[in-house]
Amino acid sequence: MKVLLSWLQEFAPGIDGDPVDLAETLSSIGLEVDAVTVTGADLDGVVLAKVLDLRPHPDADKIQLVDVDSGDGQPLQVCCGAFNMSVGDLIPFATVGTVMPNGMEIAQRKMRGEMSNGMCCSGAEIGFGDDHDGIMLLTDAATHEVGTPIVDVLGIERDVLFDIEVTANRPDAMSVAGVARDLAAALGVSFAFPERSYATVETSTAGQASIAIVDPSLCGRILARTIHNVTVGTSPAWIQQRLIALGMRPINSVVDISNYVMLELGQPNHTYDLDLVPDGAIAVRRAADGEQITTLDGTERVLIERDGVIADGTDRAIGIAGVMGGADTEISDSTTSVLVEMAWWDPPSISRTVKRLNLPSEAATRYRRGIDWGDNMVRAMDRFCELMAESGATISDDVIDAAGTTPDRAPVPVRVDRINSLLGTDLDPDAVTAHLTSIGFGVEAPNDAGVLTVHIPTWRWDTETETDIIEEVGRMHGYDKLVRTVPKPDGFGQLSEYQQARRSVRAALVGAACDEIQPMPFLAPGDLANAGLAEDGVTLTNPLVHEESVLRTSLMPGHLKAIAYNQSHRAGPLRFFEVGHVFLQSPDDQLLPDEREYLAVSISEADAPAAIEVLDLIDATLALPNVQLRTSTPAGMHPTRSADIVIAGKLRGHAGEIDPAVLEAFGITGRVAWLELDLGAVLNGPWGNRKYTQVSKFPSSDVDLAFEVPDTIPASNIAGALRKGGGTQLVSVEHFDTYRGTGVADDARSLAFRLRFQAPDRTLTDDEIGELRAACVAAAHKQKGVSLRT
Amino acid sequence: MSFYETLANDAVAAIEDAADVETLDGLRPTLLGKKAGLTSAKSQLGTLEPDQRKEAGQRLNVARQLVEAAFASRRDALAASARAEALETERLDLTEFQSKTSPGHLHLVTQARDRLEDVFVGMGYTIAEGPEVETAWYNFEALNIPEWHPARGSFDTIFVNLGEPEAVMLRSHTSPVQIRTMENQKPPIYIIAPGRTFRTDTADATHLPAFNQIEGLVIDRNITMGDLAGTIDTFVRAFFGEEVKSRLRPSYFPFTEPSAEFDISRDDGSWLELGGCGMVNPQVLRNCGIDPDEWQGFAFGFGIDRLAVMRYQLDDIRELVNNDVRFLRQF
């Protein structure tokens with residue numbers, strides 16, 4: 001919502017001062033000012049000029065040469081990038097030496113070899129509205145001499161424009177008067193609506209029009225009046241300027257007054273060509289499913305049952321309630337009689353229709369927040385009639401005022417104790433009353449229990465409860481006056497074990513030279529298939545782009561894209577890790593997907609053992625129970641170099657290498673080691689169970705053993721057997737070599753282990769070590785086809 | 001010069017002549033060992049008269065100490081020069097070497113999030129987490145945003161094709177975690193909820209459709225808006241520095257009332273809007289089965305990514321999701 005200082009002052013003349021200070025005050029009461037613009041200043045040097053000649057620039061397509069008369073009768077050549085002018089047009093022209101409102105100084109200069117002696121201006125360039133498209137054409141300026149300062153031509157006075165971001169709970173602030181009311185209260189100056197007066201004629205609205213509220217839940221109140229002798233022309237300059245300043249385009253004298261009243265008082269209104277509404281009869285009802293209407297913008301709209309419509313006497317829809325009028329009854333240049341209608345619509349009804357039709361018109365934006373259903377409706381009708389009367393129209397002497405169901409706002413008991421308890425203040429009933437009455441709330445004296453009875457004004461539809469009113473008290477008291485305290489919880493703050501463990505894993509991976517990546521969780525439709533994964537990702541209803549329309553079911557595609565991207569920038573080898581959510585298809589009875597927190601590590605230009613090293617690192621970091629690799633071919637992974645990760649008997653992830661076919665699909669060169677763990681499941685399961693074992697003070701002995709082991713038996717089986725055979729006195733087993741070749745069968749390899757034996761309470765004798773060695777060998781030999789190499 | 005002094009002088013001269021440690025050590029038996037002159041002189045002290053013995057013994061000791069000292073000093077000097085020579089032969093040009101390994105790097109957002117978590121843990125909070133895909137109940141309705149409410153549109157929600165249209169969505173804020181916490185935990189509650197959130201914002205230099213927020217929620221007896229202002233002030237000073245100030249401005253969120261936006265001061269005296277906050281709306285408490293006459297509290301929230309962008313003055317927020325190692329390895 002934009003407001004002009006001069007307009008605010010019509011309601012509260014005491015509003016004055018430094019524009020930046022006023023903006024601060026507005027922000028401090030919840031009317032956040034996005035921008036403050038001083039208008040009408042700094043236009044010295046901009047004058048009315050006449051276009052004398054237009055011709056192409058000999059050396060440029062996007063600019064043309066224009067001769068203008070800027071007051072001395074002599075043609076002055078300028079280069080101009082706009083092409084909307086014709087010879088004879090009057091335009092704002094910045095002469096050489098002018099400093100424009102944006103700080104740019106107009107200099108004489110050459111553009112592609114042609115002299116330019118000034119600048120033809122758009123509306124926006126002289127701070128007059130938002131129109132950047134083309135040069136401003138001053139169609140009504142013929143009464144002024146060429147060379148007249150533009151501020152005189154346009155009647156521009158110095159003013160201040162505040163652009164306010166109005167929150168959804170402040171329907172009242174969607175008008176100049178509403179902003180003035182709040183600001184006046186904050187500044188402690190008086191606020192009043194000016195008296196409006198106009199002559200009426202002895203024609204009766206009731207005799208020419210009628211209103212039927214068919215659905216009172218839709219329409220709380222509706223006013224209508226007939227106006228005759230209407231001339232549809234252009235509005236006075238002051239109306240046009242205010243509309244432009246507030247971001248609306250002047251259209252014609254009737255529409256402009258309609259918009260002016262809406263901006264000033266927050267009451268949207270609609271004008272029908274009375275001659276096009278049979279018998280002036282209008283009815284308010286819900287739409288029939290599939291009912292059609294062509295709206296003012298020329299679009300045919302199909303309605304549904306919960307939409308509201310305004311229908312004529314033949315029950316034909318002539319407007320979508322609160323959203324947009326119909327094309328059939330629109331006023332035109334030939335209109336002489338109008339029916340003006342001002343209504344209060346049920347906000348949720350309007351809101352749903354606005355959303356469904358995506359038609360956030362200025363009127364709908366106000367209706368859906370809940371406009372004033374009280375005196376302001378009559379006030380807006382009077383203001384409309386006054387402005388119409390000034391344009392020469394005649395006003396019927398009565399108003400139809402039909403009632404539906406208006407909001408029921410019973411007085412609200414407000415506990416002063418509760419106010420202070422919520423705000424942390426020490427306000428007495430008088431102070432509370434003063435704050436509330438300053439913005440139009442009615443307050444009855446407190447009862448013995450310190451409870452005030454508060455009457456909510458009709459312009460505050462969103463305000464209903466005690467807390468709503470406490471917010472008003474806080475706002476007017478000033479948040480900067482709150483005494484700052486810090487609550488002390490009885491408990492203590494700490495990371496959960498899960499969160500601590502997750503940080504430990506991250507730290508361990510950083511220590512292992514891995515960089516953390518955070519791809520967005522969106523995938524393109526083909527990504528899962530390219531990664532060799534099932535295409536069962538949950539899809540988005542309204543993705544921003546097609547390439548981000550599927551939720552990931554694995555962290556793999558994101559890593560592969562990151563690796564491909566970095567390889568394309570000649571970076572590598574890459575070591576990436578990520579902790580992030582994946583979204584799996586949910587079990588049948590669940591609405592939400594099966595969302596899990598995964599950990600993934602990808603290492604480019606590395607083969608599967610690199611992934612196992614990382615797994616061992618994570619194992620060591622978390623002290624996981626019984627981590628096993630089970631040979632398998634997980635989706636997207638290398639068919640002969642991958643395994644399932646089984647922790648405490650449960651499948652928790654995969655480790656190994658990415659399938660070469662997948663690497664090719666993503667354009668990756670070299671192998672990629674890959675590990676993906678269901679981190680959430682791992683951390684919610686057993687981990688971190690570390691037990692003390694006495695550190696032996698006695699010497700240890702190492703024994704190396706090499707076995708010929710068939711390829712079908714994993715090395716981990718041999719290590720496990722050795723551990724079993726060695727018992728507690730076998731303190732470590734290190735697999736230090738693998739050999740294939742001479743002396744070993746074709747379908748087997750030699751695996752060499754270093755065993756370290758040690759007892760906690762004595763030095764083991766040679767005999768004891770010999771027995772332990774024999775027990776280990778015997779255990780290994782239980783695996784079929786395994787034999788000790790000598 | 002007596003006999004002892006002559007012996008000593010000869011020994012010192014021999015010591016000074018030794019060219020290296022090995023030669024010197026070779027002299028030790030003849031100069032200070034069992035067969036050395038000074039050693040045999042000591043054994044002959046017994047032959048002297050008692051009155052001469054004491055005086056001769058003292059002189060002999062002085063002579064012997066002189067030789068010992070000369071030996072030790074010469075040995076140190078020879079050893080030092082030998083070591084210096086040896087060190088010279090192993091001289092390295094350290095600028096020839098370039099490490100082939102580098103440490104890994106935590107993502108910038110993780111670093112910012114960890115720091116924020118630590119500040120609030122220090123203030124007595126725990127950290128709550130929740131799903132990124134949510135139902136309309138948790139993302140909107142429980143937060144007092146009914147289906148028709150104009151505020152719903154302002155969340156620019158990304159919906160998911162599950163259930164009825166607009167029934168399931170990528171959470172547009174981390175507030176659903178507040179609801180889940182209040183449903184599952186009795187007050188007092190002191191939590192922060194960091195995590196990823198989503199909006200239909202086309203990625204550009206200052207926007208991402210997936211970004212990170214952190215929210216705080218306190219529910220206890222007698223919590224006031226002054227507590228909210230004080231908590232934000234404490235956090236701001238802890239995170240941004242003692243000199244940074246904060247302020248609250250009235251605003252509107254359906255789930256808090258009164259509501260405010262909070263700003264932090266910049267070096268030039270201007271204010272930067274950081275996030276939103278307010279007293280938890282009694283309706284939200286009721287929706288979670290908490291009696292608003294017994295318990296009250298506040299909530300606040302702001303973006304994490306923006307803090308990282310501000311701290312390092314990144315010119316494009318998309319760097320946070322591009323995963324370019326040339327970016328990741330800077331932090």
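How far apart are the mean positions of the positive and negative charges of chain A? In this predicted model, the two mean positions lie 11 Å apart, the first taken over 63 positive charges and the second over 114 negative ones.

The overall form of chain A gives a setting for that value. The C-alpha trace spans about 125 × 85 × 55 Å along its principal axes, and the radius of gyration is 40 Å, whereas a compact globule of 790 residues would have one near 28 Å. Within these dimensions the chain holds 21 helices and 38 strands. Of the 790 residues, 53% count as buried, and the surface that chain A exposes amounts to about 34,500 Å², of which carbon and sulfur atoms supply 49%. When contacts between residues at least 6 apart in the sequence of chain A are considered, 68% of them join residues at least 24 apart.

Aromatic side chains offer a way to follow particular links through the structure, and a search over all chains finds 24 aromatic pairs. One of them joins A:Phe11 and A:Phe191, and this pair counts as stacked because the ring centres are 6.3 Å apart and the planes meet at 20°, an angle that falls under the limit of 30 degrees for stacking. A:Phe11 lies in the loop between helix H1 (5-9) and helix H2 (19-28) of chain A, and A:Phe191 lies in the loop between helix H4 (176-187) and helix H5 (205-208), so the pair ties together parts that are 180 residues apart in sequence. The two partners fall into separate accessibility classes: A:Phe11 counts as buried at 1% relative accessibility, while A:Phe191, with a relative accessible area of 25%, is partly exposed.

Another pair, formed by A:Trp238 and A:Tyr260, is edge-to-face, with 5.5 Å from centre to centre and 85° between the planes. Here both residues belong to helices, A:Trp238 to helix H6 (residues 237-245) and A:Tyr260 to helix H7 (residues 253-265) of chain A, so the pair ties together parts that are 22 residues apart in sequence. A:Trp238 is partly exposed at 38% relative accessibility, whereas A:Tyr260 is buried, with a relative accessible area of 0%.

Chain B, finally, contributes an aromatic cluster, whose members are B:Phe120, B:Tyr125, B:Tyr190, B:Phe235, B:Phe239, B:Phe240, B:Phe262, B:Phe298, B:Phe300 and B:Phe302.

Definitions and conventions. Residues are numbered from 1 along each chain as its sequence is written. Chains are lettered from A and ligands numbered from 1 in the order in which they are written. This is a predicted model: local features need pLDDT of at least 70, side-chain atom pairs count only at pLDDT 80 or more; totals for chains, interfaces and linings use all residues. Side-chain values use heavy atoms; hydrogens and water are left out. Helices (H or I, at least four residues) and strands (E, at least two) are DSSP runs, numbered from the N terminus. The radius of gyration is taken over C-alpha atoms; the globule rule is 2.2 Å times the number of residues to the power 0.38. Buried means under 20% relative accessible area, exposed over 50%, partly exposed in between (1.4 Å probe, protein chains only). Contact means heavy atoms within 4.5 Å. Accessible areas come from the Shrake-Rupley method with a 1.4 Å probe; for residues, only the protein chains shown count as cover. Lys and Arg count as positive and Asp and Glu as negative; His and the chain ends are not counted. The place of a charge is taken as NZ of Lys, CZ of Arg, CG of Asp or CD of Glu. Rings of Phe, Tyr and Trp (its six-membered ring) pair if their centres lie within 6.5 Å; planes under 30 degrees apart count as stacked, over 60 as edge-to-face and the rest as tilted.
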